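Trainee: I would like to work through this structure with you. Can we take the domains before the strands?

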Number of protein chains: 2
Amino acid sequence: MLDQIEIVLSHTTHPGNIGAAARAMKVMGLSNLVLVNPKYYPSAEATDRASKANDILETAKVYSSMRQAISGSRLIVGTSARARSLPSKLVTPRELVEIINRDLTRAPISVLFGVENSGLTNEELHLCHYHVYIPTNPDYSSLNLASAVQLIAYEMRLAFSEMASLPVTEPSRNERAISRQELEGVLQHFDQIMQETGYLQEDNKKQLDIRMNRLLNKAALTLSETNILRGFLSSITQYGKRLNSKVLDKAEKQEGE
Amino acid sequence: MLDQIEIVLSHTTHPGNIGAAARAMKVMGLSNLVLVNPKYYPSAEATDRASKANDILETAKVYSSMRQAISGSRLIVGTSARARSLPSKLVTPRELVEIINRDLTRAPISVLFGVENSGLTNEELHLCHYHVYIPTNPDYSSLNLASAVQLIAYEMRLAFSEMASLPVTEPSRNERAISRQELEGVLQHFDQIMQETGYLQEDNKKQLDIRMNRLLNKAALTLSETNILRGFLSSITQYGKRLNSKVLDKAEKQEGE
């Protein structure tokens with residue numbers, strides 16, 4: 001299970017933090033590091049702070065956008081050390097590992113860490129199924145980035161390293177959660193049809209997109225459910241075509257008379 | 001209780017680690033730092049890495065021997081990230097906080113962290129009532145000193161701070177989950193529209209009802225999300241009406257001619 005967890009660092013400013021995060025991961029048995037637009041990377045400082053966890057840095061994937069970085073993930077989790085108003089369900093690190101334990105098929109899992117000081121952006125937050133709140137001192141919540149990675153990695157190790165090999169029944173492909181990329185396909189389809197029926201308009205598009213994303217993230221759609229929703233959406237297009245062709249029929253009849 | 005816990009760093013080599021440990025403590029609400037024979041201290045590097053946790057450094061007590069440093073403690077705990085043969089009872093961090101919770105009168109508590117690389121000496125180990133083993137990757141157990149402090153401080157905060165629970169904000173009526181009755185209204189609305197567009201038919205109705213129920217149950221819809229879905233469904237009816245009225249228009253025109 002630890003192999004299925006990706007630590008995703010977004011726009012990290014200090015390369016030392018990247019190296020320290022790699023070390024924090026390796027010491028708990030995590031190995032998949034993903035960097036989104038790091039400010040300075042590769043960097044001697046990162047390598048220095050990694051302290052023999054260089055293999056993690058060497059195999060790290062680097063992307064220029066968060067969307068690309070998480071496109072294959074089935075469970076996306078944001079992290080925060082501050083209480084914020086958040087669009088996704090707020091859980092403690094311990095609750096998170098319980099959630100993962102309850103549905104081991106939602107791998108690969110991406111755990112997102114925002115830029116130092118300001119954390120994840122609103123856009124990044126909206127991609128998340130859950131939001132992990134690391135409990136901190138309300139008067140001083142300045143948790144170091146690598147420390148945050150350390151705490152999450154520690155909870156992951158506690159939960160998954162000695163995991164009893166429960167007989168996991170492998171769900172069929174149809175019953176597994178879809179990836180972020182597949183979800184974006186569904187969202188676009190909704191967008192298109194909502195525009196067709198006139199529900200989506202210029203002035204409500206942004207808000208509607210945010211809310212549909214959140215709603216469908218909560219639903220954790222399987223492929224078979226995705227097929228139902230897309231089938232329904234396609235049926236609306238068909239419905240429109242049938243009615244339009246009646247309009248044409250009448251028009252033709254009219255011309256024919 | 002957090003006030004009763006002392007973090008004791010023995011013979012620390014890198015002043016940066018002292019600063020980072022101070023930050024790790026403060027972020028979890030610990031404030032008592034004790035230094036035994038630090039190699040370089042005070043140090044600009046320590047202050048730099050403390051990042052606004054300078055107050056912890058300023059009030060830190062510095063001793064030249066471990067015996068002096070812990071003379072007032074009622075519970076003394078050593079830490080290690082490596083499995084070693086140890087003279088005191090080995091517990092996990094989580095077991096430690098349970099032990100403390102069972103007998104809150106054993107304060108003040110000293111948690112001892114040894115020198116980087118080699119850890120606590122045998123002499124120091126013999127002073128301990130318990131020994132905390134922080135679970136790590138057996139192939140790479142090189143846990144950074146400040147990270148070890150961070151993990152222990154985190155467990156302490158979870159166990160002893162009432163602030164450790166999630167910040168609860170009472171959701172507005174719109175953001176509360178809907179009732180089963182309200183959900184049934186949504187399901188019926190879907191049913192009706194899916195029939196209208198031709199997606200729902202005699203032979204798939206039963207299966208579709210089951211799946212839509214499951215899907216929307218998973219989504220745990222709020223009232224505002226319910227309004228979006230119902231708004232969208234109503235827009236399909238309106239769309240159909242508009243197209244139908246075009247059909248009528250044509251028909252009327254035809255009659256009128």
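Mentor: Start with a definition: two residues are in contact if their C-beta atoms, placed from the backbone, lie within 7 Å. Keep in mind that this is a predicted model.

Trainee: How many residues of domain 1 of chain A are in contact with domain 2 of chain A?

Mentor: Take the bounds first: domain 1 of chain A covers 2–160 and domain 2 covers 173–256. Their C-alpha centres lie 34 Å apart. Domain 2 of chain A brings 10 residues to the contact, and the number from domain 1 is 13.

Trainee: By class, what does the side of domain 1 of chain A that touches domain 2 of chain A have?

Mentor: Count by class on that side of domain 1 of chain A: 2 residues are charged and 4 are nonpolar. The polar ones number 7.

Trainee: Why does the span of helix 9 of chain A agree with its number of residues?

Mentor: Helix 9 of chain A has 15 residues, 205–219. At 1.5 Å a residue they should span 21 Å. The end C-alpha atoms agree, because they are 21 Å apart.

Trainee: In what order do the 7 strands of the open sheet in chain B run?

Mentor: Look to the edges: strand 3 (61–63) and strand 5 (89–91) of chain B each pair on one side only. The pairing in this sheet is parallel. The order is 3-2-1-6-4-7-5.

Trainee: Which residue in strand 7 of chain B is the bridge partner of Gly78(B)?

Mentor: Strand 4 (residues 75–80) and strand 7 (residues 130–133) of chain B pair in the parallel sense over 4 bridges. The partner of Gly78(B) is His131(B).

Notes
Residues numbered from 1 in each chain as written. Chains lettered and ligands numbered in written order. Predicted model: local features only at pLDDT ≥ 70, side-chain atom pairs only at ≥ 80, totals over all residues. Domains from an automatic or database assignment. Nonpolar A, V, L, I, M, F, W, Y, C, P; charged D, E, K, R; others polar. Helix = DSSP H or I, 4+ residues; strand = E, 2+ residues; numbered from the N terminus. Expected span 1.5 Å × (residues − 1). Pairing = 2+ DSSP bridges.
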